[in-house]
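Please take a walk through this model with me. We begin at a pair of strands and work outward to the whole sheet, then turn to the empty spaces.

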Amino acid sequence: MHTYNENLLPYQVGGLLYTPALNTGIVKKILEGSYPGLTSLAFCLEDSIQDASLEEAQKQLKQSLNAIKRSGVATPLLFVRVRTPGHMDQIHHMLAEDEAVLTGYVLPKFDLSNGPDYVKLADAYNKSRPDRLFIMPILESRPVADIGSRVEVLWKIKGLLDTVKPYVLNIRVGGNDFSNMYGLRRKVDQNIYEIGVIRDILVNIINVFASDYVVSGPVWEYFGDDPGGSWAAGLRKEIELDLLNGFFGKTAIHPSQLPVIFDSLKVSRADYEDARSILHWGEDGLAVAKSADGGRMNEVKCHGKWAGQILTRAAAYGVR
């Protein structure tokens, strides 16, 4: 049985590393702690697996999770990305007791066409087990992107997810899927917010969801061995913009990205001291004061929610 800190857990997903479920060497690397900065991992049964290899990937997934379970070693948060609600139910029953090592499922292309079935299954699973099995829906389909339907669709999706809110760990976004709809792709020295049509979609998602959920930032598709390379600089810049715009966390497609993501999610000393001050405000009648470094204004009525998020981030990733 898992023990969760409900406030901290959505932030502990951090950099979610994807690996094909066919990966036969990943268990050894997980158990040996071979990937610095690894906070969560998703075994993918969707886009990274050819249809003809799906059955083999599912068998390997069960073997991998069984090996992790038998090891008794504490692991990062573990997820499985499925294809459809029916596929999730198939995997749920196939894994049986081995599902106990999972934190939950990643739900691709989540919208109103499949959302009700996903939600119904998540509710049923959680009513028949002692600890929670979370879901992380990915918003990446055409109805979410289309300007004519976007806002209405997003509010309906939120209403649907609100019915199982305790089981929704993160809201995730498919930056590459959205970009592909318009034939767009950012270069290593650019960021997702420079692509106007994608930025607008992301802003709408934040507007609808960020008040009640942690929303994770889109994948960064560049990586390399040199942590001082242009790929790392681009990743750091995009995470800076993610945080500024209300996103937290990142999907990772290569282990080299993980330390960069982890370090970028740390809190600055100035933010940490200000957040502590705001949440431990005195009772001298004033609701405004200078920051710890004397360079900005802190206002208890305006900055309270920000301060709470900063201290939660600090608890998960530390202070720079």
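Start with a right-handed β-α-β unit, made by E3, helix H4 (residues 85-95) and E4. The model is a predicted one. Strand E3 covers residues 77-81, and strand E4 covers residues 104-107. The two run parallel, and three bridges join them. Look at Arg81 for one contact point: opposite this residue, in E4, stands Val106.

Now follow the chain onward from E4. It passes through helix H5 (residues 115-127) and reaches E5; this β-α-β crossover is right-handed. Strand E5 spans residues 134-139. Four bridges pair E4 with E5, again in the parallel sense. Val106 takes part here too, with Met136 as its bridge partner in E5. Val106 thus has Arg81 opposite on one strand and Met136 on another.

E5 also pairs with E6. These two strands run parallel and share two bridges. Ile138 has its bridge partner, Arg172, in E6.

Step back to the full sheet. How many strands does the open sheet have, and in what order? There are seven, in the order E6-E5-E4-E3-E2-E1-E7, with parallel pairing. E6 and strand E7 (250-252) stand at the edges. Each has a single partner strand, so one side of each lacks a neighbour in the sheet. As for the pairing itself, strands of a sheet are held together through backbone hydrogen bonds.

Next come the open spaces. The largest pocket holds about 1100 Å³ of space. Its lining has 40 residues. Nearest the centre of this pocket lie Tyr11, Tyr213, Val214, Phe248 and Gln309. Helix H1 (9-12), helix H10 (230-245) and helix H13 (300-317) are the elements that each give two or more residues to this lining. By type, the lining of the largest pocket divides into 20 nonpolar, nine polar and eleven charged residues.

The second largest pocket holds about 420 Å³ of space. It is lined by 19 residues. Tyr18, Arg81, Val219, Thr251 and Ile253 are those nearest its centre. Arg81 is familiar: it is the residue that stands opposite Val106. Two or more residues of this lining come from each of strand E1 (15-20), strand E6 (172-173) and helix H8 (175-181). Eight of the lining residues of the second largest pocket are nonpolar, six are polar and five are charged.

Is there closed space as well, and how many cavities of 30 Å³ or more does the structure hold? The count is one. About 30 Å³ of space lies in the largest cavity. Its lining consists of Gly14, Gly15, Gly37, Thr39, Leu258, Ile261, Phe262, Leu265 and Tyr317. Helix H11 (residues 257-264) gives the largest share of this lining, three residues. Five of the cavity's lining residues are nonpolar, four are polar and none is charged.

Last, the cysteines. How many disulfides does the structure hold? It holds zero. Two cysteines make a contrast in exposure. Is Cys44 buried or exposed? Cys44 counts as buried because its relative accessibility is 2%, below the 20% cut-off. Cys302 has a relative accessibility of 53%, over the 50% cut-off, and therefore counts as exposed.

How values were computed: Residues are numbered from 1 along each chain as its sequence is written. This is a predicted model: local features need pLDDT of at least 70, side-chain atom pairs count only at pLDDT 80 or more; totals for chains, interfaces and linings use all residues. Side-chain values use heavy atoms; hydrogens and water are left out. A disulfide is a pair of cysteine sulfur atoms within 2.5 Å. Buried means under 20% relative accessible area, exposed over 50%, partly exposed in between (1.4 Å probe, protein chains only). Two strands pair if DSSP finds at least two bridges between them. A crossover is right-handed if, with the strands pointing away from the viewer, the path from the first strand over the helix to the second runs clockwise. On a 1 Å grid over the protein atoms alone, a cavity is a set of points where a 1.4 Å probe fits but cannot get out, and a pocket is an open set with protein on both sides within 12 Å along at least five of seven lines; lining residues have an atom within 4 Å of a point. Grid points are joined across faces, edges and corners, and a volume is the space filled by probe spheres set on the points. Ala, Val, Leu, Ile, Met, Phe, Trp, Tyr, Cys and Pro count as nonpolar, Asp, Glu, Lys and Arg as charged, and the others, Gly among them, as polar.
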